[in-house]
Each structure stands twice: as C-alpha cells, then as structure tokens.
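Here is a short report on one protein chain. The overall build comes first, then a few selected residues.

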Amino acid sequence: MTLWTVFTDVCLMGVLLLVGQILRAKLKIFQKLLIPPALIAGFIGLVLGPKGYAILPLSKWIGVYAGVLIVVVFAAMPIGDRPTKEQLSGQAIGGFFLNNTGIIILQYAVGMLVCTYFLNKIFNLNPGFGLMMATGFYGGHGTAAAVGSAYAALGWADAADLGMTTATAGIVGGIVFGMILINIGVRRGWTHYVEKPSDLPPELRTGLIPPEKQKQGGKITVSSISVDPMAFHISVVALASILGYYTTELISAYYPKIGIPAYCVSILWVFVINKVLNVTGTIEYIDRQSINRISGTCTDFLIISGIASINTKIVLLYWQPLLFVCALGFVATFIWFFYVGGKCSPYDWFERDMMNFGHATGVTATGILLQRVVDPDMKSRGMEDDAIQFIFNRPIHIALQVLPPILLTNAPLFWSHALCWILVASLIVLLGVSYVLKWWRPYEPLKRYR
C-alpha cells in the first residue's frame with residue numbers, strides 16, 4: 001500500500017460521492033426515500049469494487065479508511081464547543097438526555113439479551129454479536145468501524161462486516177420507517193409546523209440548494225496571508241487525532257490485551273485541547289462550522305469506504321440472526337419512540353422525538369433530516385438540545401463501545417450474562433431517576449403536548 005494507493009482510493013471515493021449526489025438530484029426514488037449520496041456511493045463501490053465485480057480499481061485496503069477516519073470524526077466533535085450554563089440545565093435537556101441515553105442502553109440490552117438467551121443457542125454466535133445491532137443502529141458506520149477494528153485486534157474479524165451491515169440497515173430503515181412515522185404523526189395531528197410531508201423543501205429532496213437560499217459554510221478566523229483558515233482548523237483536529245493515536249499505541253505497548261480504540265483516546269485529548277482554548281481565549285479563533293465541515297467530510301468518506309468493504313460472504317453467513325436482531329431493534333426503537341420519547345419533551349414532542357429516532361437508527365445527520373421534514377425552520381430545538389445532551393451522553397456511549405468487547409473477549413460466558421442484567425438495571429435506574437425529576441411523564445397522554 002503506497003501513498004498513490006491512498007490517493008487513488010480517495011479520488012475514486014470522491015467520484016462515487018459525486019455520482020451519488022447526481023443520482024439523488026435526478027432520481028425520484030432516492031429523493032422520496034431521502035437516501036444520502038454517501039450511502040448510494042457506498043453501494044456502488046460495493047458492487048463495482050474489490051468485494052464485487054472488481055470493475056473499479058479500488059484497492060483491497062478500502063476498508064481500512066473507515067477505522068482511521070473515525071478518529072478524525074471524534075477528534076473534531078467537541079472542538080470550539082461552548083454551551084452556556086443555562087443550556088446545560090432544564091427539563092428539556094433532561095428529557096432529551098433520557099431519550100437519547102435510554103435508547104442506547106435499550107438497544108444494547110435487547111441485542112445482548114436475545115443473543116445470549118436465544119440466538120446463541122441456535123447459531124453458536126460469538127458473544128459480541130449481541131453488540132452489533134446497537135453498534136450499527138445508534139453508533140452508525142463510524143462506531144461500526146471503530147468497534148470492528150477493536151474486535152479485529154481482539155481476534156474476531158467478522159465484527160467489522162457485521163457492524164457495517166447493521167449500520168447500513170439502520171440508516172436505510174431509519175429514514176424509511178421515519179417517514180412512515182411522520183405520515184402517522186401528520187394524520188394524528190401531532191405535528192405543529194407542517195401539514196403534510198410533501199411540504200418538504202425541494203433542496204432537502206434533491207440535495208441541491210438554489211442560489212437564493214445558499215448560506216456561508218464558515219467564517220474566516222485567521223488571515224490567509226498567515227495560514228489558510230481551513231488548514232488551521234484541520235491542524236487543530238490533527239493534533240487531537242495524533243495524540244489519541246500515539247497514546248493508544250503507548251497503552252497497547254504496556255497493556256496489549258486492553259485494546260482501547262484510538263478514537264476514544266483522541267476525544268479525551270480534545271477535551272484537554274478545548275479547555276486550553278477556553279482558558280487562553282484562543283477559542284475565539286475556532287469556527288465551529290469549519291470544524292463541522294471537516295467532521296462531515298470524513299463521515300461521508302467513512303460511510304463510502306465502510307459499505308464498499310463489506311464482505312457479502314460474511315453477511316450471508318449471518319443473515320438469519322442479523323435479520324432477526326435488526327427487526328427486533330426497530331421494534332424496540334418504535335416502542336421507545338411512543339412510550340418514552342413521546343413523553344419526555346415539554347413541547348413539540350413529535351418534532352424533537354423525530355430527531356432522536358433518526359439519531360438512534362443512523363447518524364446525527366439522519367436525525368436532523370427527519371426533524372427538518374416536520375420542522376423545516378428547526379423551531380423545536382431538537383438539534384441544539386441533542387448537541388448539548390451529547391456532552392453528558394458521550395462518556396456513556398464510549399464506555400459501551402470500549403468495555404463490552406474487552407470483557408466479552410476475556411470472560412465471554414460470565415460477562416454475556418452479567419452485561420445483560422447490568423444494562424437492564426441501568427435502564428430501570430435511568431427511567432426511575434427521570435420519573436422523579438419529571439424528565440419523563442408516562443402518566444400523561446400524547447395529546448397533552450399538542
């Protein structure tokens with residue numbers, strides 16, 4: 001693998017992304033289903049790349065990029081973030097924290113329970129299979145890449161392909177079932193800002209924003225005479241990324257059985273960097289939109305490389321338990337949507353709940369997309385509150401990504417059972433605390449929020 005190999009792969013993935021965007025802009029089926037261009041590009045890469053008909057000269061290392069890009073994605077997340085004390089408190093944030101954190105724990109609990117006590121007795125699965133649905137659904141392709149890499153280092157190579165498969169099923173199913181939920185909500189009179197899904201602006205369907213609606217994608221915080229502004233922001237993200245990588249290598253040298261992923265350590269370094277930026281006042285020169293563009297670009301290429309590298313033989317080998325656990329994951333998420341998510345927002349419950357549904361079955365961008373279908377002007381603050389609660393939610397999510405693979409590898413029989421009931425107990429405690437703090441009001445009907 002040479003530098004020109006990387007260059008060729010990145011360029012070809014860029015071409016595929018352009019093709020995906022053209023198809024999204026021209027074909028009604030993709031517009032109706034709101035399929036992201038990166039997803040379209042990934043499937044084209046899977047069919048025509050080295051895992052398919054080998055027509056495109058993508059290298060056999062195409063799957064490696066996802067594990068690297070997730071480090072950059074996580075390293076970019078908190079940089080420049082400055083929420084106020086008021087934003088970090090209140091019933092709306094508490095309810096969103098319950099909605100978002102609870103669905104993570106629920107998905108992991110459902111996956112582990114059904115795998116440990118049912119599927120594993122029929123198909124003789126790796127204990128880690130119980131983590132795959134939640135890894136792909138809530139975590140998306142980025143988390144699937146990270147967990148897959150960690151499991152590969154621990155001796156289970158199939159995890160990467162399974163995680164990418166559940167992530168793909170999650171994002172497609174999340175959009176399709178999300179639109180079904182929206183049609184139900186419109187008919188029931190739960191929506192406040194739209195009367196029918198067809199009110200969705202054309203630019204959200206095609207992905208092309210007309211000139212009169214185009215906005216600036218960032219601001220210039222440093223003089224280009226000194227350094228290009230984008231290069232400056234990439235350098236800040238690169239600092240957190242490389243510190244995370246080298247720290248992981250150092251830990252692995254002394255504790256080779258732990259296997260902590262680089263993206264987890266990089267995000268810890270980001271908090272340190274962000275603190276330094278705040279204390280020194282240099283955070284004034286960090287533009288969040290530029291950071292988001294870096295993270296978004298890496299996410300698109302991550303999705304393409306992840307899907308294009310899926311080993312279809314592995315998917316076919318596991319297709320029965322995969323189908324079962326993914327179907328059960330959607331059922332659990334639907335139930336949560338109405339009985340918990342629908343009763344933990346003090347206002348605009350449906351719009352805010354759609355943000356969480358999209359996030360829980362794909363990525364944050366899916367949540368934003370579904371919310372914008374029912375709230376075009378984003379008045380319900382679902383996106384903002386999701387970003388704020390993520391500050392508190394992130395350590396829990398990272399712990400669920402890092403610890404279970406290590407535990408299930410070193411003592412699978414014990415931890416398979418223990419994790420099931422730890423997750424169930426955690427969910428009960430979370431719901432109980434939320435009930436006491438009135439973040440969750442199960443006794444009030446959904447129409448109460450209309």
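Buried residues account for 52% of the 450 residues in the protein chain. The model is predicted. Its mean pLDDT is 87. Of the residues in the chain, 94% reach 70 or more. Confidence varies by element: helix 1 (residues 3-26) is highest, at a mean of 96, and helix 16 (residues 364-374) is lowest, at 77.

**Overall build**

The protein chain has 18 helices and zero strands. Its C-alpha atoms fill a box of roughly 60 × 60 × 50 Å along the principal axes. The radius of gyration is 21 Å. A compact globule with 450 residues would have a value near 22 Å, so the two agree.

Contacts reach far along the sequence. Take those between residues at least 6 apart: 78% of them join residues at least 24 apart. The chain exposes about 20,500 Å². Carbon and sulfur atoms supply 68% of that area.

**Three residues**

The table lists relative accessible areas.

| Residue | Relative accessible area | Class |
|---|---|---|
| Thr-168 | 8% | buried |
| Gly-174 | 0% | buried |
| Tyr-435 | 42% | partly exposed |

**Helix 8**

Helix 8 spans residues 158-188 and holds Thr-168. Gly-174 lies in helix 8 too. Thr-168 counts as buried because its relative accessible area, 8%, is under the 20% cut-off. Which residues does Thr-168 contact, leaving aside its neighbours within four places in sequence? They are Leu-39, Phe-43, His-141, Ile-307 and Ile-310.

Gly-174 is buried, at 0% relative accessibility. With neighbours within four places in sequence again left aside, Gly-174 is in contact with Ala-169, Phe-330, Phe-357, Thr-361 and Leu-370. Leu-370 falls within helix 16 (residues 364-374), where confidence is lowest, at a mean of 77. Gly-174 can also be placed relative to Thr-101. The two are 73 residues apart in sequence, and their C-alpha atoms are 18 Å apart in space.

**Helix 18 and a surface patch**

Tyr-435 sits in helix 18, which covers residues 412-436. Is Tyr-435 buried or exposed? Neither class applies: its relative accessible area is 42%, so Tyr-435 is partly exposed, between the 20% and 50% cut-offs.

Tyr-435 also belongs to a nonpolar surface patch of about 600 Å². The other members are Val-429, Val-433, Val-436, Leu-437 and Tyr-443.

How values were computed:
Residues are numbered from 1 along each chain as its sequence is written. This is a predicted model: local features need pLDDT of at least 70, side-chain atom pairs count only at pLDDT 80 or more; totals for chains, interfaces and linings use all residues. Side-chain values use heavy atoms; hydrogens and water are left out. Patches are made of residues with over 30% relative accessible area and no salt bridge: like charges are joined within 9 Å, nonpolar side chains (Val, Leu, Ile, Met, Phe, Trp, Tyr) within 5 Å. Accessible areas come from the Shrake-Rupley method with a 1.4 Å probe; for residues, only the protein chains shown count as cover. A salt bridge is a side-chain nitrogen of Lys or Arg within 4 Å of a carboxyl oxygen of Asp or Glu. Helices (H or I, at least four residues) and strands (E, at least two) are DSSP runs, numbered from the N terminus. Buried means under 20% relative accessible area, exposed over 50%, partly exposed in between (1.4 Å probe, protein chains only). The radius of gyration is taken over C-alpha atoms; the globule rule is 2.2 Å times the number of residues to the power 0.38. Contact means heavy atoms within 4.5 Å. pLDDT is the predictor's confidence in each residue, from 0 to 100.
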